[in-house]
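Student: Could you take me through one part of this model in some detail? I would like to follow a single helix and then see what surrounds it.

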Amino acid sequence: MSRALLSLGSNLGDRLAYLRSALDAVRPAVVAVSSVYETKAWGVEDQPDFLNAVVLVDDPARDHWDWLRTGQAAEQAAERVRELRWGPRTLDVDIVTVDGVRSDDPQLLLPHPGTPERASVLIPWLEIEPDAVLPGHGPVADLLAARPASDRDSVRLTRFVL
């Protein structure tokens, strides 16, 4: 079994359509999809707000490298351009965790670095998996509780549905 949590984000163009295209790229492996949230940009702040969601997927035929290739293919199909680290993008697909696999390979760091500090991942993750644990970091609920209220409050639920 290869169960993974993918984080989806978009802040250019038809943001919702890009998130939907990423979701389509992982069907029929989808187990659960979070609501869609809107958040301020992280890293480079002078850019449009993001739409974010997470998707829990499961496919016994895929390992962590397959999930990476699937995410990269979805980004490529969305014509993502990588000019500026943490810059604006049509689609960002991050592999957050895969079956508790730990990787320090520069091409695929697992769990995804920064996850414990990103309410934009933690909030939607808890929505679909309330007992989630981030390998090496502990319960996701505890990680979110440790974030400042301003971080938690900056993740705004939208009316959009994937």
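Tutor: Happy to, and let's begin with the neighbours of helix H1. The buried residues of H1 pack against strand S1 (3-10), strand S2 (30-33), strand S4 (50-58), helix H2 (64-77) and strand S5 (92-98). Please keep in mind that this is a predicted model.

Which residues of H1 are buried? In this helix, which spans residues 15-25, they are Leu 16, Leu 19, Ala 22 and Leu 23. These four cover an arc of only 120° around the axis, which puts them on the same side of H1.

Now turn to S1, one of the strands that the buried residues of H1 pack against. Of the 8 residues in S1, 7 are buried, so the strand is mostly covered. S1 also has strand partners. With S4 it runs antiparallel, and 8 bridges join the two; in this pairing, Gly 9 stands opposite Asn 52 of S4. S1 pairs with S5 in the antiparallel sense as well, over 6 bridges, and there Ala 4 stands opposite Val 98 of S5. S4 and S5 are thus both pairing partners of S1 and packing partners of the buried residues of H1.

The other helix on that list is H2, and it rewards a careful look. H2 has 14 residues and reaches 20 Å from its first C-alpha to its last, close to the 20 Å expected at 1.5 Å a residue. Its buried residues are His 64, Trp 67, Leu 68, Thr 70, Gly 71, Ala 74 and Glu 75. Seen down the axis of H2, these fall within an arc of 165°, so they line one face of the helix. The face turned away from this buried side carries the exposed residues Gln 76 and Ala 77. As for contacts, the buried residues of H2 pack against S1, H1, S4, S5 and strand S7 (108-110).

Both ends of H2 have a detail worth finding on your screen. At the N-terminal end, Asp 63 caps the helix, with a side-chain oxygen 3.0 Å from the backbone nitrogen of Trp 65. After the helix comes Glu 79, whose phi is positive, near 55°.

Just before H2 in the numbering, look at the pair Arg 62 and Asp 59. They form a salt bridge, and their closest N and O atoms are 2.9 Å apart. Are these two buried or exposed? Arg 62 is buried, with a relative accessible area of 18%, and Asp 59 also counts as buried, at 17%; the cut-off for buried is under 20%.

The structure holds 10 salt bridges, so let me finish with a group of them that brings us back to H1. Arg 15, Glu 38, Lys 40, Asp 49 and Arg 156 are linked in a network of salt bridges, and residue 15 lies within the range of H1. Within the network, the side chains of Arg 156 and Glu 38 meet at 3.7 Å, N to O. That pair links distant parts of the chain: Arg 156 is in strand S10 (residues 156-157) and Glu 38 in strand S3 (residues 37-39), 118 residues apart. Arg 156 is partly exposed, with a relative accessible area of 31%. Asp 49 and Lys 40 form another of these salt bridges, their closest N and O atoms being 3.6 Å apart, and Lys 40 counts as exposed at 54% relative accessibility.

Methods
Residues are numbered from 1 along each chain as its sequence is written. This is a predicted model: local features need pLDDT of at least 70, side-chain atom pairs count only at pLDDT 80 or more; totals for chains, interfaces and linings use all residues. Side-chain values use heavy atoms; hydrogens and water are left out. Buried means under 20% relative accessible area, exposed over 50%, partly exposed in between (1.4 Å probe, protein chains only). The arc is that of the directions from the helix axis to the C-beta atoms. Contact means heavy atoms within 4.5 Å. Two strands pair if DSSP finds at least two bridges between them. A salt bridge is a side-chain nitrogen of Lys or Arg within 4 Å of a carboxyl oxygen of Asp or Glu. The expected span of a helix is 1.5 Å times one less than its number of residues. A polar contact is a pair of N or O atoms within 3.5 Å; within protein, one must be able to donate a hydrogen and the other to accept it, and residues adjacent in sequence count only if both atoms are side-chain atoms.
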